[in-house]
Amino acid sequence: GNARIFKKWIADLGPNDRAFCVGDYVDRGDDSVGVIEAIVENNKNPNQPRIYCVRGNHETFCLNAIEHLERLAPFIDEKLNHVNRLTPEEVDALNE
């Protein structure tokens, strides 16, 4: 997830090079989104070296978490809506 270093690495590749990345694009630095965006943007341009990617365990964990959160969203939303309908007195009673 270090986009600055990753972009420099891409810039150092030759026009006919191919790069193979083997995962852990997320959760390994402060800009995971920047790394993924750099890969996508690079591969949109046919004049750039091609970057091939394999999903690593960190990406799998991230995608699984997103999937679970999406499945939980209706339940969480329902419970929060219930809490938001409580009167201030009911909230105080729950916090006692």
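**Exercise 1.** State which helix holds Glu90, and whether Glu90 is buried or exposed.

*Solution.* Step 1: Glu90 lies in helix 4, which covers residues 88–95. Helices (H or I, at least four residues) and strands (E, at least two) are DSSP runs, numbered from the N terminus. Step 2: Glu90 has 37% relative accessibility and therefore counts as partly exposed. Buried means under 20% relative accessible area, exposed over 50%, and partly exposed in between (1.4 Å probe, protein chains only).

The model is predicted: local features need pLDDT of at least 70, side-chain atom pairs count only at pLDDT 80 or more, and totals for chains, interfaces and linings use all residues. Residues are numbered from 1 along each chain as its sequence is written, and side-chain values use heavy atoms, with hydrogens and water left out.

**Exercise 2.** Locate Asp24, then describe its backbone and its accessibility.

*Solution.* Step 1: Asp24 sits in the loop between strand 1 (18–21) and helix 2 (32–44). Step 2: although Asp24 is not a glycine, its phi is positive, about 60°. Step 3: Asp24 counts as partly exposed because its relative accessibility is 25%.

**Exercise 3.** Give the order of elements and decide how spread out the protein is.

*Solution.* Step 1: from the N terminus, the order is α-β-α-β-α-α, with 4 helices and 2 strands. Step 2: the radius of gyration (over C-alpha atoms) is 21 Å, well over the 12 Å that the globule rule (2.2 Å times the number of residues to the power 0.38) gives for 96 residues, so the protein is more spread out than a compact globule. Step 3: the C-alpha trace spans about 70 × 25 × 20 Å along its principal axes. Step 4: of the 96 residues, 23% are buried.
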